[in-house]
Every structure is written in structure tokens, then in C-alpha cells.
Amino acid sequence: MIKKLSFFISIILFGSVFGQKDKEVLQKQNADLKKQISSINASLNQTKQESKLSISYLNAVNQKITLREKVYTNTQKEKRFIEDDIYKRQLEINKNNRELEVLRKNYAEILVKAYKTKGVQNKVTFILSSKNIGEALSRVEYLKRYSEYQDKKAAEITNKATEIKRNIALKKKSMSEKDNLLIAQKKDLATIEIERKQKQDLLNEFKKNEARLTAELRQKQAQSKDLERQIRNIIAEEIRLAKAKEEAERKAEAERKRLADIAAKKEKERIEAENKARLAAAEAERKRAEAESKKAAELAAKRIEEERKLAESNKTAERKAAAEKATRDAAERAKAASEKLAAAKANEDAINKRNEDAKDEAEKKVMKSYGVGSTVGSNFADNKGRIAFPVERGSVTHRFGRQPHPVFKNIVEENIGIKIAVAKGTKARCVFPGVVSSIQSINGSRTVVVKHGNYFTVYSNLASTLVKANQQVSAGTLIGEVGSDFDESITLDFQIWKGEDPIDPLGWVSY
């Protein structure tokens, strides 16, 4: 039974180590969540004087309530960890108390036994009554060990009592921590209820002003359609001009290529004529070397044959030696002629290679001088998902595509981009290198279109602009200051177009 209980306590202790780590993680998460709540509160305090009846304001309130609920959920988990710790401490205290009771009982039995035998009072008599010096020394050692054993048991009792006090103190600390957590939870619950009521009051205010807000919203949608039409026209014109430029460039490229081919052909013919004499001389030298090599080889073969016949006819040694020498001389001449032929071939090959290299280099030079093959493409598509966000800090209030209105369920919005709520004074920034294609003043606000090859980015609802048409811009270049929307919220309308088709920006920017 004791073994099973010890095993159970060990499992709890093992789990408590991980519980402590989890508790610290929850506390860190709550600290981060509270920072976010504080930031949202600061933003709401700044914007509530401007307009409370805006979707961005409602989204901020919703976000704050969500964060509060996460804090409360984490606090609930933290409370369970503390309760587990209290339970674990109580188990340890109970276990320590049982062990202390056993230690005290054993120590009492030792003292009773010592009293009955009067070992402590009669140590000297016990030693002196020994039969010899060896037995006396053994009794001295026995008494020493017996005394050390008593001291050890007394120390165990003291340590166990100290451990019990420490666990009781830790338990009280956890109980106090739990009490403080419960107080914080009550405050959090009260705050959540207040904020939920504020949200409901805000929704009621929306409902109360539904007719006005709906009319303004429909007017804004009509303006958005007009803006979309104008952007489509701008982009269509850009694409038309780009295609016309591309066609003109294609024709110009073809003409440059034709002229370059003619010039390159003439240059190659000139180089060919200049090298003709050298090539003819090299070819003649190779042919002479081939004739000499052939003649030397034939002579060498003849000498070998003569030497063989002479050896067969058993002529004099002198004639035999002369024949051998003639054979060696013929072989050396054949070798020299072969080497001369190889050198002549190598020289001819080198002249041919230099000739071809000179013609290739001349062709490249001519093509470059005529500007053939010098176009450069865009890599916007290669950076999908890694393109910069158009503002330093902001929250998306309206997403791409067909979306139900968050308050008025009878209204469906068609968004060709996203809307980003930002703080007053925020400046939109270019998301990718490109060229400012167009700057338009539409419906009282400014719109900037930036061209990135076959893609376009659009920055609308700007109060002012900081770029000019045809300006080269980089990622991060400030485009202009974001203006207020019809509900007085500071909102950037951001779009990405692939050719003449709008696409979802959230699939492209790193948000």
C-alpha cells in the first residue's frame, strides 16, 4: 500500500515540474495579451473622438473582447495548476507527517532501550568490565557507533520537521496565489461583461442609425464601383500602351536583328578574307608536311625491307651495319616528318579556331551595338507571400471578394481589394519595386497605381501623395498619407491586379 502511494505521489511530483513550466508559459502569454489589450485601448481612445460608428472601431472592440477571454481562459488554466500544486503539497505534508511519526516512534524505542540497559549512564562500567583490551576496544567502538546512530535519527527527525514546515509554507503561498488569482478573475469577468455591454451598445447605435449608415454605405459602394471602373480603365490603358510598346519594340528588335545580321555577315566576311592567306599558307604547309611524312615513311619501310633481305643473305658484317644505320636514319627522318606534320595540323587548327572566335566576337559586338536582346523582366510573381505589407501597422477590416457586412446582414460587399484600418497620420508605403503608373484624384481622395511588370498595386483613399507619375519606386517608398473614410475611420484601400484582374492581396503580402 505504501509503495503504491509513493508511486502515485511520484507521478504527481513529475507532473508538477511540467505544470510549473506550463504555468510560466501561461503567465507570459497573459502578459503579452494584456500588452495587446493596452495597445487596442490606446487606439480606441484616439479614434473614439473621431467616429465610433465605424467597422474598424467595432473590430477593435471585438478583438479586445477576444483577447480578454483568452486572458480569462489562461487564468482558469493557471488556477488549475495552482490547485494541483496545493494538492501535491498536501500529499507531501501527509507523507512527511507519517514518516515523522515513524521516526519519532523508532527514536523513542531507542531511548527506552538505552534507559533500560542504562548504557548511557554506565559507559565506563561497560568498558571496564571487559575481559581483555580487545573486548574493551570493541565496546568503545560499539558505544561510538550507537551514539552516532542516535544522533543520526535525531537529525532525521529535525530535517523531516523542517521539510514539513517548508511544504506548509509553500502550500500557504500557493493558496494565497490562488486567492489573488480569484480576485483578478472576478475583475476580468466584470471587465468582460462591461466590454460586452459596450459592444452591444455600439451595435444598438449602429441599428439606431441603420438608415443613415446604410445609405452612406451604399453611396460608398457606388463610389467604389466608380473607382473600380476608373482603375480598370487606367490599367487597361497601361496594358494597351505596354502591348503597343511591346509590339513596336518587337518590330524594332526584328529590324535591329536584320541590320545586325547584315553587318555581322560583312564583318565575318572581312575577317575571313583577312585570314584567307594565312589559312592557305597553313594548308600548303600541312600538305608539304604530309608529302614529306609519306616519303619518309616509305623510305623507312624500304630500308627495313632491305635490312631484312640482307640479314637473310648472310652478307658481311660491314654491309649489315651500314644497312642498320640507313634504317635508323630513315626511321628518324620519318619521325621528324611526322612531328612536322602534327605541328602543321595544330597550326592550321589554331588559325581556324582564331578565325571562328574572331567572327563570333565580331557578331556579338555588332548585336550589342544594335541593341539586340536587351529586355529585362519583372519578378513580382516570384515573391508571392513575401511581398511587404502596405502600412507599418494596421488591421484588416474588409477582406477580398464577396463578404457579408459585419453588422447589416442584408448588405453584401463586393471588395476588389482589402481595407486596412490605421492610426491617424499613417503613410502607405510601396510593397515592391516598380514605376508609378498613374496618380488620380477620385471622389475627393487620391489613388496611386504602381506598375510591377504584368502586375499592378493600387493605393486608394489617400489624403495626400508623396510620389510622382513615372517615378521609379522601391519596396518601402512612402506613397502618401492615408485619409479618412465615409465613417471617419482612417482606412487604406489596397489592391493587387494581375493584368486586368484583381486578386486577393492577402495571398501575396506577408501579413
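pLDDT is the predictor's confidence in each residue, from 0 to 100. That score is a good place to start, since what you have above is a predicted model. Over residues 373-377 pLDDT stays under 50, and for this stretch the model has 1 contact beyond four places in sequence. The beginning of the chain reads in a similar way: residues 1-5 also stay under 50, again with 1 contact beyond four places in sequence. For the chain as a whole, the mean pLDDT is 75, and 72% of the residues reach 70 or more.

Let's take the overall picture next. The chain holds 6 helices and 12 strands. It has 511 residues, of which 34% count as buried. About 31,800 Å² of the chain is exposed, with carbon and sulfur atoms supplying 53% of that area. If you look at contacts between residues at least 6 apart in sequence, 75% of them join residues at least 24 apart.

Now let's move to the strands, with strand 10 as our guide. Strand 10 covers residues 478-482 and pairs with strand 5, residues 427-429, in the antiparallel sense over 3 bridges. Strand 8, residues 455-465, is also joined to strand 10 by 3 bridges, and these two run antiparallel as well. Which residue of strand 10 stands opposite Ala 428? The residue is Gly 480. Thr 465 also stands opposite Gly 480, so you can use this glycine as a landmark when you follow the pairing on screen. The aromatic rings come next. A pair of aromatic rings is described by the distance of the centres and the angle of the planes. The count for this model comes to 5 aromatic pairs. One of them joins Phe 380 and Phe 432, in an edge-to-face arrangement with 5.1 Å centre to centre and 80 degrees between the planes. Phe 380 sits in the loop between helix 6 (317-369) and strand 1 (395-398), and Phe 432 in the loop between strand 5 and strand 6 (434-442), so this pair ties together parts that are 52 residues apart in sequence. Are these two rings buried or exposed? Phe 380 is buried, with a relative accessible area of 1%, and Phe 432 is buried too, at 11%. Both rings belong to one aromatic cluster, which Phe 380 and Phe 432 form with Tyr 455 and Trp 508.

Another pair is made by Tyr 459 and Phe 494, this time tilted, with 5.4 Å centre to centre and 50 degrees between the planes. Tyr 459 belongs to strand 8 and Phe 494 to strand 11 (residues 491-498), so the pair ties together parts that are 35 residues apart in sequence. Tyr 459 has a relative accessible area of 0% and is buried; Phe 494 is likewise buried, at 0%.

Staying in strand 8, we come to Thr 457. What is its relative accessibility? The value is 0%, so Thr 457 counts as buried. Its side chain makes a polar contact of 2.8 Å with the side chain of His 452, and a further polar contact, of 3.0 Å, with the side chain of Tyr 459. Tyr 459 is the residue we have just met in the tilted pair with Phe 494. Leaving aside neighbours within four places in sequence, Thr 457 is in contact with several residues, among them Phe 380, Val 431, Val 449, Phe 494 and Ile 496. Phe 380 takes us back to the aromatic cluster, and Phe 494 to strand 11.

Strand 8 also holds Asn 461. Its phi is near 65 degrees, a positive value in a residue other than glycine. Asn 470 has a positive phi as well, near 70 degrees, but this residue is found in the loop between strand 8 and strand 9 (472-473). Their surroundings can be put side by side: Asn 461 is buried, with a relative accessible area of 7%, whereas Asn 470 counts as exposed at 63%.

Our last stop is His 398, which has its place in strand 1. His 398 is buried, with a relative accessible area of 10%. A polar contact of 2.9 Å joins its side chain to that of Thr 397. His 398 and Ala 421 are 23 residues apart in sequence, and their C-alpha atoms are 9.2 Å apart in space.

Note on methods
Residues numbered from 1 in each chain as written. Heavy atoms only, no water. Contact = heavy atoms within 4.5 Å. Pairing = 2+ DSSP bridges. Helix = DSSP H or I, 4+ residues; strand = E, 2+ residues; numbered from the N terminus. Phe/Tyr/Trp six-rings, centres within 6.5 Å; stacked < 30°, edge-to-face > 60°. Buried < 20%, exposed > 50% of the residue type's maximum accessible area, 1.4 Å probe, protein only. Areas by Shrake-Rupley, 256 points an atom, 1.4 Å probe, with all protein chains shown as cover. Polar contact = N/O pair within 3.5 Å; in protein donor to acceptor, adjacent residues only side chain to side chain.
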